[in-house]
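Let's take a walk through this one together. Have the sequence and the model side by side, and we'll go from strands to a helix to a single side chain.

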Amino acid sequence: MNDFSWRNWSGHVHAHPADVLSPVRTADLAAAVAAAADRGQRVKPIGSGHSFTDIAVTDGLQLRMDRLDQVLAIDAASGLVTVQGGIQIRKLNEVLASHGLALENMGDIDLQTITGAISTGTHGTGARFGGIATQVRGLELVLADGSVVTCSPTERPALFSAARVGLGALGIITAVTLQCVPSFVLDCTEQPVPLEETLDGLDELVEGNDHFEFYWFPHTSTALHKRQTRLPGDAAVRPLGAFRSWFDDDFVVNVGFEALLRLGTAFPRAIPGITKVVSGSLSSRTFADLSHQVFPSRRDVRFNEGEYAVPRAALPDLLREIRRWVADSGERVSFPLEVRFVAADDIPLAPTYQRDSAYVAFHQYHRLPYQRYFDAVEDIFAEVDGRPHWGKMHRLGHKELRDRYPLFDEFVALRNELDPSGVFGNDYLTKVLGDPS
């Protein structure tokens with residue numbers, strides 16, 4: 001008997017599939033899905049394992065997408081680029097840069113596959129920019145019966161609209177066409193600023209920068225701003241020096257922070273002091289480089305994470321409420337909250353559907369308990385109908401989610417039509433969408 005095992009990046013989610021395949025062609029993947037469906041076996045593709053939920057878990061056939069990672073077509077004039085679904089964003093960025101192109105926006109991790117990133121609603125920051133799925137112009141999917149279909153705004157538009165953030169429930173995305181933009185430089189300033197000053201001046205900060213985000217360590221009064229301005233691709237670059245980059249981003253953020261978190265795990269009472277030390281060590285810096293060198297960050301320290309999109313205007317009061325809860329509860333929170341800003345879109349299950357949003361990510365070191373803290377934050381976000389990031393930990397089920405997504409029932413009806421027997425189902429999809437019928 002095969003003994004396959006898999007775990008996600010944080011180590012929190014485990015799977016033990018009955019079978020594992022790594023297809024090299026769409027036809028191979030389609031045949032594998034059809035065969036699994038015939039024998040009543042459930043199927044799930046996996047990418048880089050950067051989702052914190054069990055959205056990719058299966059006890060049936062696991063399809064590893066890492067060999068479907070090629071660039072299929074590039075039109076530098078139009079910016080349209082077609083890639084296989086298993087390509088890692090880091091590899092995609094390198095290919096795009098070599099052709100004078102870039103993703104319009106992206107998150108701060110570049111290790112995900114493009115399929116995983118769009119299917120879960122991965123985003124970046126910038127009030128005038130949508131998540132990565134808003135850059136999609138066409139999709140190729142393998143459906144539950146093994147058939148291969150394509151869709152776009154003019155071909156099977158209902159499927160295209162839903163599948164851009166499809167949770168893996170509608171089909172397996174084997175190819176994606178993206179609208180890319182000419183390469184551009186990001187001029188970046190990072191600076192510690194008092195939290196209250198940040199919240200009071202939030203609109204000016206969000207609207208006055210192409211990309212703005214900030215981090216706030218609970219138990220402190222300091223936020224770290226990251227402000228970025230877009231410049232033409234031929235603008236002068238000023239990358240960080242090798243030593244500064246190593247010291248700040250490798251030693252302090254990863255090696256040093258890991259050591260302090262291990263100390264906090266052994267002595268939890270030290271955690272508030274540790275966060276004050278880390279927050280106090282933050283310093284200002286400025287640099288400029290091509291976008292794919294600036295957007296992503298190196299993340300070696302393991303953690304568990306939840307994230308919600310909330311109405312942008314509600315953010316200051318919500319963060320103040322979280323701060324009060326941490327102070328009153330005595331909970332020791334070792335990781336910062338990360339706050340980013342994303343434009344509204346028209347994607348049915350995107351957390352930003354028809355709502356300009358602030359995303360708030362909340363984390364806890366993977367060796368420390370997190371449930372009490374995460375529950376409290378989710379309770380606070382429920383006050384404004386917060387919508388969870390589909391790749392991050394949350395407790396909501398389909399009954400609560402139906403009330404937060406105007407097109408929820410239409411999405412579920414499409415899922416039931418395309419996959420009535422639940423070939424692509426698992427416990428997570430049953431929780432958030434209900435059983436297919």
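Before we count anything, a ground rule: two strands pair if DSSP finds at least two bridges between them. Bear in mind too that this is a predicted model.

With that rule in hand, look at strand S14 (residues 211-216) and strand S18 (residues 337-342): three bridges join them, and they run antiparallel. One spot to look for in this pair is Phe214, which stands opposite Val339 in S18.

Now zoom out. S14 and S18 belong to an open sheet of eight strands, ordered S16-S13-S15-S14-S18-S19-S17-S20, with antiparallel pairing. Strand S16 (285-290) and strand S20 (387-388) are the edge strands, each pairing on one side only.

On the other side of S14 sits S15 in that order, and six bridges join these antiparallel strands. Here His211 faces Gln228 of S15. The hairpin of S14 and S15 has five residues between the strands, and in it His219 adopts a positive phi near 80°. Keep following the order and you get to strand S13 (residues 184-194), which 11 bridges join to strand S15 (residues 222-232), again antiparallel. Gln228 turns up here as well, as the bridge partner of Cys188.

What lies across strand S17 (303-311), S18 and strand S19 (357-365)? That's helix H11 (residues 371-382), running at about 165° to S19. The length of H11 checks out: at 1.5 Å a residue its 12 residues should span 16 Å, and the end C-alpha atoms are indeed 16 Å apart. The buried residues of H11 are Tyr373, Phe374, Ala376, Val377, Glu378, Ile380 and Phe381. As for that spacing, an α-helix has 3.6 residues a turn, so residues three or four places apart point the same way. The buried residues of H11 pack against S17, S18 and S19, and also against helix H10 (315-329).

Finally, let's visit a loop. Ser48 sits between strand S4 (43-46) and strand S5 (61-64). Is Ser48 buried, exposed or partly exposed? Its relative accessibility is 30%, so Ser48 counts as partly exposed, since that category falls between the 20% and 50% cut-offs. Leaving aside residues up to four places away in sequence, Ser48 touches Gln88, Leu111, Gln112 and Thr113. With Leu111 there is a polar atom of the Ser48 side chain 2.5 Å from the backbone oxygen. For a sense of distance, the C-alpha atoms of Ser48 and Asn209 are separated by 31 Å, with the two residues 161 apart along the chain.

Notes:
Residues are numbered from 1 along each chain as its sequence is written. This is a predicted model: local features need pLDDT of at least 70, side-chain atom pairs count only at pLDDT 80 or more; totals for chains, interfaces and linings use all residues. Side-chain values use heavy atoms; hydrogens and water are left out. Helices (H or I, at least four residues) and strands (E, at least two) are DSSP runs, numbered from the N terminus. Contact means heavy atoms within 4.5 Å. Axes are lines fitted to C-alpha atoms, for helices over the stretch in contact, and angles run from 0 to 180 degrees between N-to-C directions. The expected span of a helix is 1.5 Å times one less than its number of residues. Buried means under 20% relative accessible area, exposed over 50%, partly exposed in between (1.4 Å probe, protein chains only). A polar contact is a pair of N or O atoms within 3.5 Å; within protein, one must be able to donate a hydrogen and the other to accept it, and residues adjacent in sequence count only if both atoms are side-chain atoms.
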